[in-house]
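Biologist: I am new to this one. Please show me the model, and then I will ask my questions.

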Amino acid sequence: MISSAQRWCVAASRAATTGAGTAKRSALFGRRLPSPRAGGCLPLPKPHPTPVPVMVMGGRGRAFGGGRSGAMSAAMPFDGGSDATATGLGGPQALGMTQVLFVEVGMGADQHGQDATKAAVRACRNAIEFNSIPSIRAIVPGGYDAMKLHIQIGAPEGAKIDLAKVRAVFPYGNIVDPIDVCVGGLLAKSGIAIPEMGDKNDDFVICVASVTVGY
């Protein structure tokens, strides 16, 4: 933003270049203006530098423990995931589909007990439970029996997830194997450990889920 003082100085400079001189500038503004040559004006703001591309942390693994679980501290460009890299494919083919219809995302947490499976199950439920797609039979050749689901879960490093319980969240559709679990989510602090609730410490386990629907 250019301040009023700077606009004043710009106008003064323009008036000076027309040959009107100080008298005309004074008549124009009703008061004596500082001379730009004498350093009385503030410099105009410099334009912002070219934006730096945003970097995404880490990558995607084919199964839990895969990917770049040890590289979360270093920033690197997102490469589309190890599936796409290994096969040379991108888009729906990298997810085991020919057509992607929509993607649902959700978050789940286990505040006490440090159970990553509970957090992952809640994240998957959160991703699908607020959606109603009554036209699946019309847009998917073969209807629900031919619908495919690609499931990706981000969980804190070292978390153990029972994938059978994750599969049980989805009442229909064919889950593309393997369920893709990578380092992600968040290991926060609840601020209190309650042994009666199974707490070993005050870790607050948070998982995120992405469910891609297609055929």
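Biologist: Let me start in the middle of the chain. Is Ala 127 buried or exposed?

Modeller: Keep in mind that this is a predicted model. Ala 127 has 2% relative accessibility. The cut-off for buried is under 20%, so Ala 127 counts as buried.

Biologist: Which element holds Ala 127, and which residues is Ala 127 in contact with, leaving aside its neighbours within four places in sequence?

Modeller: Ala 127 lies in helix α4. Contact here needs heavy atoms within 4.5 Å. With neighbours within four places in sequence left aside, the partners of Ala 127 are Glu 104, Val 105, Gly 106 and Val 211.

Biologist: How far apart in space are Ala 127 and Val 208?

Modeller: In sequence, 81 residues separate Ala 127 from Val 208. In space, C-alpha to C-alpha, the distance between Ala 127 and Val 208 is 8.9 Å.

Biologist: Now Thr 117. Is Thr 117 buried or exposed?

Modeller: Thr 117 is also found in helix α4. Leaving aside neighbours within four places in sequence, Thr 117 is in contact with Lys 160, Ile 161, Asp 162 and Lys 165. Its relative accessibility is 10%. That is under the 20% cut-off, so Thr 117 counts as buried.

Biologist: Which element gives the most residues to the largest nonpolar core?

Modeller: The largest nonpolar core has 28 residues. Elements giving two or more residues to this core are α4 (116–128), β4 and β8. Seven residues come from the element that gives the most, α4.

Biologist: Which residues have the most contacts inside that core?

Modeller: Take one of them, Ile 153. Beyond its neighbours within four places in sequence, Ile 153 is in contact with residues including Ala 120, Val 181 and Cys 207. Those with the most contacts inside the core are Cys 124, Ile 153, Ile 161, Val 166 and Phe 170.

Biologist: On to the largest pocket. Which residues lie nearest its centre?

Modeller: About 230 Å³ of space lies in the largest pocket. Two elements, β3 (100–110) and β8 (203–214), give two or more residues to its lining. The lining has 15 residues, and nearest the centre are Glu 104, Ile 128, Ile 133, Met 147 and Tyr 172.

Biologist: How many residues of that lining are nonpolar?

Modeller: One lining residue is charged. Two are polar. The nonpolar ones number 12.

Biologist: Tyr 172 came up there. Which residue forms an aromatic pair with Tyr 172?

Modeller: The structure holds one aromatic pair. The centres of its rings are 4.5 Å apart and the planes are at 65°. An angle over 60 degrees counts as edge-to-face, so this pair is edge-to-face, and the partner of Tyr 172 is Tyr 144.

Biologist: How many residues apart are Tyr 144 and Tyr 172?

Modeller: Tyr 144 sits in the loop between α5 (136–139) and β4 (148–155). Tyr 172 sits in the loop between α6 (163–167) and β5 (174–175). The pair links distant parts of the chain, with Tyr 144 and Tyr 172 apart by 28 residues.

Biologist: Which class does Tyr 172 fall into, buried or partly exposed?

Modeller: Its partner Tyr 144 is at 19% relative accessibility and counts as buried. Tyr 172 is at 43%. Partly exposed runs between the 20% and 50% cut-offs, so Tyr 172 counts as partly exposed.

Note on methods:
Residues numbered from 1 in each chain as written. Predicted model: local features only at pLDDT ≥ 70, side-chain atom pairs only at ≥ 80, totals over all residues. Heavy atoms only, no water. Phe/Tyr/Trp six-rings, centres within 6.5 Å; stacked < 30°, edge-to-face > 60°. Helix = DSSP H or I, 4+ residues; strand = E, 2+ residues; numbered from the N terminus. Buried < 20%, exposed > 50% of the residue type's maximum accessible area, 1.4 Å probe, protein only. 1 Å grid on protein atoms, 1.4 Å probe; cavity = no way out; pocket = protein on both sides within 12 Å on 5 of 7 lines; lining within 4 Å. Points joined across faces, edges and corners; volume = space filled by probe spheres on them. Nonpolar A, V, L, I, M, F, W, Y, C, P; charged D, E, K, R; others polar. Core = buried A, V, L, I, M, F, W, Y, C linked by side-chain atoms within 4.5 Å.
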